Amino acid sequence: MACDLDEKVTLLRELQQQWATGGFHFQPTETIEKVPDAGRPSKPDLVPPKDLPKRRLGSREGHAALMHAILHIEFNAVNLALDAIYRFQAMPYDYYQDWLGVAGEEAYHFQMVREHLAHLGYEYGDFPAHNGLWVTTYETDHDPLVRMALVPRTLEARGLDVTPPMIQKLRAVGDKRGVEILKILLRDEIGHVEVGTRWFRFLCQQRNLNPFETFTQIIDDYFHGDLRGPFNFEARQEAGFSDAEIAWLKTLESA
């Protein structure tokens with residue numbers, strides 16, 4: 001719930017140190033609070049996606065706006081990884097280790113993109129942003145199965161699809177550092193989606209559910225908007241998507 005960016009990163013680092021030294025407590029809390037709005041700074045202003053201004057990447061402002069959008073996603077990803085730890089208190093030990101690792105990598109991504117944005121002359125909050133990632137996190141706070149299906153396996157997996165074209169755009173405007181950063185993000189996000197896939201399958205097995213049928217049903221029931229391509233099938237396979245899921249996504253891409 002920390003709102004200050006530096007404080008949030010510092011507290012996360014302390015949490016990781018507590019884990020490493022065995023100081024992480026696993027007693028369930030008496031209550032689990034709903035979090036309609038996780039801790040964040042007063043800026044950026046949050047607006048509906050349709051209200052975000054369209055900017056041309058060729059301009060300095062458009063270039064910075066793209067990096068700011070990536071930065072906002074990474075900030076939200078820190079909060080959602082921490083929420084996955086706090087909210088679902090009956091999971092195996094390895095689940096918490098996985099999601100604390102994801103939170104740490106997302107914080108590293110955030111700091112890296114933030115530094116690059118500063119080189120472009122801007123800071124987090126200088127552009128408006130939308131809150132879709134956290135809204136979905138909030139809407140899936142009742143069930144870890146739904147959370148794993150919708151947040152890492154749907155919204156974050158979308159990052160696997162859109163990052164290669166963004167790399168090409170940054171390469172075209174000569175942003176070598178931006179290209180390096182996005183390559184790191186793509187590599188790590190494959191791992192994060194794989195974590196979501198692994199725990200989704202674990203919960204399906206625990207509940208005697210068919211993973212493919214369950215995943216597609218959750219998309220039908222909960223996902224806002226259309227799930228449409230192009231999809232990065234190679235990255236999604238690396239992240240644990242099954243042959244049946246890949247075949248299903250191909251039908252959506254050609255629809």
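How do the residues lining the second largest cavity divide into nonpolar, polar and charged? I will come to that after some ground rules.

This is a predicted model, where local features need pLDDT of at least 70, side-chain atom pairs count only at pLDDT 80 or more, and totals for chains, interfaces and linings use all residues. Residues are numbered from 1 along each chain as its sequence is written, and side-chain values use heavy atoms, with hydrogens and water left out.

Now the cavities. A cavity is a set of points, on a 1 Å grid over the protein atoms alone, where a 1.4 Å probe fits but cannot get out; lining residues have an atom within 4 Å of a point. Points are joined across faces, edges and corners, and volume is the space filled by probe spheres set on them. Searching the whole structure gives two cavities of 30 Å³ or more.

The largest holds about 60 Å³. Its lining includes Asp-37, Arg-40, His-72 and Trp-134. Helix H2 (residues 60-87) gives the most, four residues; helices are DSSP runs of H or I, at least four residues, numbered from the N terminus.

The second largest holds about 50 Å³. Among its lining residues are Leu-5, Lys-8, Phe-75 and Phe-110. H1 supplies the largest share, four residues. To answer the opening question: seven are nonpolar, none polar and one charged. Here Ala, Val, Leu, Ile, Met, Phe, Trp, Tyr, Cys and Pro count as nonpolar, Asp, Glu, Lys and Arg as charged, and the others, Gly among them, as polar.

Last, just after H3, Gly-121 has a positive phi of about 95°.

Technical notes. Helices (H or I, at least four residues) and strands (E, at least two) are DSSP runs, numbered from the N terminus. On a 1 Å grid over the protein atoms alone, a cavity is a set of points where a 1.4 Å probe fits but cannot get out, and a pocket is an open set with protein on both sides within 12 Å along at least five of seven lines; lining residues have an atom within 4 Å of a point.
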